[in-house]
Amino acid sequence: MSKNPTPLDRVRAFEREQAMKLSADERPLFHLTPLVGWMNDPNGFCHYRGQYHLFYQYHPFSRQWGPMHWGHAVSADLLHWTYMPCALAPDTAADAGGCFSGSAVEMPDGRLMLVYTGVQPAGTFRRETQAQCVAIGDGRDFEKSLLNPVVRHAHLPEGCSEFDFRDPKVWRGADGRYRMVAGNLHEERLGSALLFESGDGLDWQFVTELDASRGAYGRMWECPDFFELGGRDVLMVSPQEMYAREEFHAGEGTMAVIGRYDEAEHSFVRESVQPVDHGLTFYAPQTTLAPDGRRIMIGWMDSWETCKDAPRRHPWYGQMSTPRELFLRGGRLCQQPVREIEGIWRDTIVHDTVICEETTLPGVAGRLMDMTVKLRPAGSACRRFTLHVARDANHHIGIRCDLARGELVFDRSHGGSHRDIAHTRHVAAEVQNGELTLRLLMDKESVELFIGGGERVVTSLIPTPLTADQITLAADAPISVRVEAHPLQ
Ligand code: FRU
């Protein structure tokens, strides 16, 4: 006798049926989209049994956020993804309100442990609560622990919230023990990143609060990550409801705290703080360590502020960013697209030229492009340089450099939106060693701009019709420019 299908069986059957109707042509070339329905944060990013696994916040049944599942895809090169069946559905008492964000870690016995936030639904006179849960499996099927939730209110120090306690990022230390960093909303210190430790991944102890917003860097801190990079320790969080300050824009954003963690004292000392991405649509990034030692980050290429009313043009909604290699340079967290991207270069077109009047360059057009523009202003009177992409008679995305001020404006206000939302970002973009380098990745409906060798990044979805595919360059006085364009395939 066949047993009744579980909620997860039903999602997987739905996915199989949908997968037959969906064509890859309708998707970006190399940015991951959900198999069907809605996607937000990256979850469980890891390299396991010879391939990268990426899970994601997922609502298969509509293109809006809903009861959270974990979608799943695998890849050999971080650019070509194969869908796997849905990994988690909200189907136990510990997570009936949703399987929120979390991470994955390989266990000593070779199994994969997913650690995620289980949301327990609100009851009468009771708000929804959040606690951390575990599911263990083989990289395809996962069994939820009967001990769930394994980290709950009783584990928390005073002043911490059981209502805003989420997004565990787990790894194994050099001593073989598990560590977890999770976000919390402390009643005085507000957004806070809590560190826990465990010998087996099931029995956890609170260790310390790594850092907190103290009202300066937003309210709740979502999706923390904590990793070693270039001799420093980096705490990455996504603050909510932040006031604009320093280089940060108002609202939800991303932040890296670079510092040093003293293992014996359990104390993390801040050295510097910076946004991770300056763009209009980038949030909740997560990192993993590649087998070759690279620290790779991927983020949700969207924004809570604008996603709900964004156009739904496909049977899916939501995209991940390009995976990026992280490194420190001059004390700053920098990023570049993963080098695997060179594997999808179709061609290399180089122009060493002088730009003044608005110009198009032979072979430099399209919406699938990895293009580097090097401005060399030495000896030039040029103050303003403008790059227009995704352009036709009615549309363009503007990248305007003020070389004198060392500032760049990214502007999608003529990108085809009919909504009165943020369309521009102002970012520092200084000439260094005689050059300003702009690297632009375009994948149909997105632009990711890496400024100054990845010192600052501006990520943005663009609603521009795909037929708008011209690229033009212009300057207010002649300037030497080197363009290296790689159309992508
Ligand atoms: C961040 C977030 C997480 C939460 C998830 C729910 O974008 O709000 O804090 O776990 O999304 O989908």
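## Charges, overall build and one buried hairpin strand

The chain carries 51 positive and 66 negative side chains, and the centres of these two sets lie 2 Å apart. Keep in mind as you look around that this is a predicted model. Here is a short tour, from the whole chain down to a single hairpin.

**Overall build**
- You will find 32 strands in the chain, along with 2 helices.
- A compact globule of 489 residues would have a radius of gyration near 23 Å, and the chain agrees because its own value is 23 Å.
- Measured out along its principal axes, the C-alpha trace spans about 70 × 55 × 45 Å.

**Packing and surface**
- Of the 489 residues, 61% count as buried.
- Among contacts with a separation of 6 or more, 58% come from residues 24 or more positions apart.
- The accessible surface is about 19,500 Å², and carbon and sulfur atoms hold 49% of that area.

**A closer look at β29 and β30**
- Strand β29 covers residues 446-451 and pairs with β30 in the antiparallel sense, over 6 bridges.
- One of the residues to pick out is E448, whose bridge partner in β30 is T459.
- The two strands make a hairpin with 4 residues between them, and G452 in the turn has a positive phi of about 60°.
- Strand β30 runs over residues 456-461 and is mostly covered, with 6 of its 6 residues buried.
- R456, V458 and S460 point one way from β30, while V457, T459 and L461 point the other way; the residues on both sides are buried.

Note on methods:
Residues are numbered from 1 along each chain as its sequence is written. This is a predicted model: local features need pLDDT of at least 70, side-chain atom pairs count only at pLDDT 80 or more; totals for chains, interfaces and linings use all residues. Side-chain values use heavy atoms; hydrogens and water are left out. The radius of gyration is taken over C-alpha atoms; the globule rule is 2.2 Å times the number of residues to the power 0.38. Buried means under 20% relative accessible area, exposed over 50%, partly exposed in between (1.4 Å probe, protein chains only). Contact means heavy atoms within 4.5 Å. Accessible areas come from the Shrake-Rupley method with a 1.4 Å probe; for residues, only the protein chains shown count as cover. Lys and Arg count as positive and Asp and Glu as negative; His and the chain ends are not counted. The place of a charge is taken as NZ of Lys, CZ of Arg, CG of Asp or CD of Glu. Two strands pair if DSSP finds at least two bridges between them.
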